[in-house]
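Open the model in your viewer and keep the selection tool at hand. The stops below say what to select next and what is there.

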Amino acid sequence: MQKRTALILTILIPVQVSFLQILKYFPEFVEKYYSLSFYPFLSKVSRFLFGWVPFSVGDIFYLLIAILAIRWLCKNFYRLRFEPIRVLLDITAAFSIVYFMFHILWGFNYYRLPLHKSLDLNSDYSYEQLLSTTHRFIEKSNTMHQQLGFADSVKIAMPYTQKEMLTMSLNGYKNLEKEFPQLTYSPRSVKKSGWSLGLTYMGYSGYLNPFSGEAHVNNRITTYKFPVVGCHEEAHQIGYAAENEANFIATLATLNNDDPYIQYAGSIFTLRYLLNEVARNDETAYYDLLKTINPGILKSYQEMRDFWEGYENPFERFSKLFWDNFLKANNQSRGILSYNYMVALIVNYFEDKPI
């Protein structure tokens, strides 16, 4: 890369960062002109281009980039001694381009209007509201467990293949369109990840490739959570970058699915978040609530915990620390803890609605 070009691209890094710091004060602008106008068109084009491909085009892209980066380093290693500034400029220039493309293709969604504002919901709630919603989800989950024809003590396994569950996820979004046109999801482009083992060791259930627009689900997950993760990654695809908001949309997409097993998965997924929030407020109330939940549901939670505990490793803590800082750098001030905002959305959304 020419020195002048590399220098200009490098200088553009702080310019881009400064622009993003200003942009976060104008979420209505981002919502109107990017998230609800430019991005939906762009994301549909990406899904049309790559959704039909049986493998992940984005994963191949990452692999090629890694190979080219290693090749470049090997070819230019000698320059580190004689031209260290030029080498550094080439690296920062490449970073500048990737940083720009990330935000154009998807990342600006981090700066859109918070979901509770676009849905006209409160962003806080009382402990009494939390308890009320938790009791309702316990009743809902227990009832669905019984309606599926299983004894209270039996852990319900999803009776579908992973491919079938990903295909079925469209139904929930189709039903949601009637209430929230902005959640229209078509065409589908969610796939099982080819890097699932690595994802598991890093502690992740799935991810979105912002450059190809493909959503990926960890295919080592065989528990109730698989269809929820699929809907979560699809929420990212339609422009909801915040993890808490994607979790909330996944809850709505699963609860609005016509299939009772998918509904059940969404119900106990949501219940677990509510229970964790109760535990943070009052452990005694938490343990009292556990006694009212069907043992089969608790076994599903234990199965999920056992799965992740089987892959615990020091690198997972590093990857979570990296992701926490990545979220904070992208307008998610609480990082990973921002996932708890989902509880506020659930409590306020279902306060005057049937579950």
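## Stop 1: a glycine and the helix before it

Select Gly 239, just after helix H10, where the residue takes a positive phi of about 110 degrees. This is a predicted model, so treat every value on the tour as computed from that prediction.

Now step back to H10 itself, residues 226-237. At 1.5 Å a residue, its twelve residues should span 16 Å, and the end C-alpha atoms are 17 Å apart, which agrees. Is H10 buried or exposed? Twelve of the twelve residues are buried, so the helix is largely enclosed by the rest of the structure. Among the buried residues are Phe 226, Cys 231, His 232, Glu 233, Glu 234 and His 236.

## Stop 2: from Phe 226 to helix H8

Keep Phe 226 on screen and add Gln 162, which has Phe 226 among its contacts. Gln 162 sits in helix H8. With neighbours within four places in sequence left aside, Gln 162 also contacts Lys 192, Asn 219, Ile 221 and Thr 222. Its relative accessibility is 16%, so Gln 162 counts as buried, the limit being under 20%.

Leu 170 is another residue of H8, which runs over residues 162-176. This leucine is partly exposed, with a relative accessible area of 28%. Which residues does Leu 170 contact, leaving aside its neighbours within four places in sequence? They are Tyr 185 and Arg 188. Draw a distance from Leu 170 to Arg 188: the two are 18 residues apart in sequence, and their C-alpha atoms are 7.4 Å apart in space.

## Stop 3: the three-stranded sheet

Show the strands next. Three of them form an open sheet with mixed pairing, in the order E1-E3-E2. E1 (190-192) and E2 (206-208) stand at the edges with a single partner strand each, so one side of each is left without a neighbour in the sheet. On average, neighbouring strands here are turned by 20 degrees against each other, direction ignored.

Zoom in on E2 and E3, the latter being residues 215-217. These two strands pair in the antiparallel sense over three bridges. To find the register, select Gly 206, which stands opposite Val 217 in E3.

## Stop 4: the nonpolar core and helix H12

Which residues have the most contacts inside the largest nonpolar core? Select Tyr 173, Phe 248, Ile 249 and Leu 275; the core as a whole has 80 residues. H12 gives the most to this core, with eleven residues. In soluble globular proteins, nonpolar side chains tend to be buried together.

Centre the view on Leu 275. Beyond its neighbours within four places in sequence, Leu 275 is in contact with Thr 134, Tyr 286, Leu 289, Leu 290, Ile 293 and Tyr 301.

Tyr 301 leads on to Arg 272, which touches Tyr 301 as well as Tyr 224, Met 304 and Arg 305, not counting residues up to four places away in sequence. Arg 272 is found in H12, residues 260-281. Between Arg 272 and Tyr 301 the C-alpha distance is 8.0 Å, with their positions 29 residues apart in sequence. At 23% relative accessibility, Arg 272 counts as partly exposed.

## Stop 5: aromatic rings

Show the side chains of the aromatic residues. The count comes to 23 aromatic pairs. In one of them, the rings of Phe 29 and Tyr 33 have their centres 5.0 Å apart and their planes at 45 degrees, so the pair is tilted. Both residues belong to helix H2 (residues 27-50), and being four residues apart they are separated by about one helical turn. Phe 29 is partly exposed at 49% relative accessible area, and Tyr 33 is partly exposed at 48%.

Move to Phe 95 and Tyr 99, whose rings are stacked, 5.6 Å centre to centre with 20 degrees between the planes. This pair lies in helix H5 (residues 84-105), again four residues apart, about one turn of the helix. Here Phe 95 is partly exposed, with a relative accessible area of 44%, whereas Tyr 99 counts as buried at 19%.

For the last selection, pick Phe 19, Tyr 34, Phe 38, Tyr 39 and Phe 108, which ring pairs link into a cluster.

Notes
Residues are numbered from 1 along each chain as its sequence is written. This is a predicted model: local features need pLDDT of at least 70, side-chain atom pairs count only at pLDDT 80 or more; totals for chains, interfaces and linings use all residues. Side-chain values use heavy atoms; hydrogens and water are left out. The expected span of a helix is 1.5 Å times one less than its number of residues. Buried means under 20% relative accessible area, exposed over 50%, partly exposed in between (1.4 Å probe, protein chains only). Two strands pair if DSSP finds at least two bridges between them. Axes are lines fitted to C-alpha atoms, for helices over the stretch in contact, and angles run from 0 to 180 degrees between N-to-C directions. Contact means heavy atoms within 4.5 Å. A nonpolar core is a set of buried Ala, Val, Leu, Ile, Met, Phe, Trp, Tyr and Cys residues joined through side-chain atoms within 4.5 Å. Rings of Phe, Tyr and Trp (its six-membered ring) pair if their centres lie within 6.5 Å; planes under 30 degrees apart count as stacked, over 60 as edge-to-face and the rest as tilted.
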